[in-house]
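Here's a quick tour of a protein model, written for someone just starting out. Have a look at the fold first, and then we'll go through it piece by piece.

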Amino acid sequence: MLSSALVSSLTAVEKQDFRNAMSRLGAAVNIVTTDGPGGRAGFTASAVCSVTDTPPTLLVCLNRSASVWPAFSQNQVLCVNTLAAGHEALSNLFGGKTPMEARFLTADWRTLATGAPILNGAVASFDCRISHTVSVGTHDILFCEAQALVCSQQGSGLIWFDRDYHHLLRREAS
């Protein structure tokens, strides 16, 4: 059983303490892209995870004050491009204030089912339609149903942990 002192401290979590604790939650680094009537846009995200495999659905968290939010909201399609080791500069570019057109000029892209840009060389790409949106605090949680997938058999993974990039090596085939 939790002591009352511990419970009260859990109910008054400070914003910076929460952010510091979240920096210890390692996560894949992704560039999430969209294209359509709302324009072409993309951003770097680690707040992405699987929801279910039937239907194949993942979620993406997007701050409603982000400059890219209108494009994602209007297009209702996106691609989660999971980055490989060596994509750190591209991640920084999509995570900063670089003009949108310049972001896309620095890599090779193609499209599949939805028209959202798919990064050539990504570890995996999930081409999705947004099926449902839930607003929580400052963010929208986008539930995204996969329409097409691309998986690479080469390259190592890239994660964000303790405010820095780290490479994940592939397991050797046995």
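How many bridges join β2 to strand β6, and do they run parallel or antiparallel? Four bridges join β2 to β6 (residues 77–82), and the two run antiparallel. Before going on, keep in mind that this is a predicted model: local features need pLDDT of at least 70, side-chain atom pairs count only at pLDDT 80 or more, and totals for chains, interfaces and linings use all residues. Residues are numbered from 1 along each chain as its sequence is written, and side-chain values use heavy atoms, with hydrogens and water left out.

**Strand β2 and its partners**

- Some vocabulary: helices (H or I, at least four residues) and strands (E, at least two) are DSSP runs, numbered from the N terminus.
- Two strands count as paired if DSSP finds at least two bridges between them.
- Strands of a sheet pair through backbone hydrogen bonds, either parallel or antiparallel.
- Within the β2–β6 pairing, Thr33 has Cys79 in β6 as its bridge partner.
- β2 also pairs with β3, in the antiparallel sense and over five bridges; here Val32 stands opposite Phe43 in β3.
- The hairpin of β2 and β3 has six residues between the strands, and Gly36 in this hairpin takes a positive phi near 155°.
- Is β2 (residues 30–34) buried or exposed? Five of its five residues are buried, so β2 is largely enclosed by the rest of the structure. (Buried means under 20% relative accessible area, exposed over 50%, and partly exposed in between, with a 1.4 Å probe and protein chains only.)
- In a regular strand the side chains alternate between the two faces of the sheet.
- Both faces of β2 are covered: Asn30, Val32 and Thr34 are buried on one side, and Ile31 and Thr33 are buried on the other.

**β4, β5 and β10**

- β4 and β5 run antiparallel, joined by five bridges, and they form a hairpin with two residues between them.
- Look for Cys49 in this pairing: its bridge partner in β5 is Leu59.
- β5 also pairs with strand β10 (residues 139–151), again in the antiparallel sense, over seven bridges.
- Leu62 stands opposite Asp140 in β10.

**A three-stranded sheet**

- Three strands form an open sheet in the order β1-β11-β12, with antiparallel pairing.
- β1 and β12 stand at the edges with a single partner strand each, so one side of each is left without a neighbour in the sheet.
- β1 (residues 27–28) pairs with β11 (residues 157–161) over two bridges, while β11 and β12 (residues 164–168) pair over five.
- Ile159 is a handy residue to find: it is the bridge partner of Ala28, and it stands opposite His166 in β12.
- β11 and β12 form a hairpin with two residues between them, and Asp162 in the turn has a positive phi of about 55°.

**Salt bridges**

- How many salt bridges does the structure hold? There are two, where a salt bridge is a side-chain nitrogen of Lys or Arg within 4 Å of a carboxyl oxygen of Asp or Glu.
- One joins the side chains of Arg64 and Asp140 (3.1 Å, N to O).
- This pair links distant parts of the chain, 76 residues apart: Arg64 is in the loop between β5 and α3 (69–75), and Asp140 is in strand β10.
- Arg64 is partly exposed at 32% relative accessible area, whereas Asp140 is buried at 5%.
- The other joins the side chains of Arg40 and Asp35 (3.9 Å, N to O); Arg40 is partly exposed at 38%, and Asp35 is partly exposed at 28%.

**The largest pocket**

- About 1400 Å³ of space lies in the largest pocket.
- It is lined by 37 residues, and the closest to its centre are Thr44, Ala45, Ser46, Ala47 and His139.
- A pocket here is an open set of points on a 1 Å grid over the protein atoms alone, where a 1.4 Å probe fits, with protein on both sides within 12 Å along at least five of seven lines; lining residues have an atom within 4 Å of a point.
- The volume is the space filled by probe spheres set on the points, which are joined across faces, edges and corners.
- α2, β3 (41–45), β4 (48–53), β5 (56–63) and α4 (88–94) each supply at least two residues of the lining.
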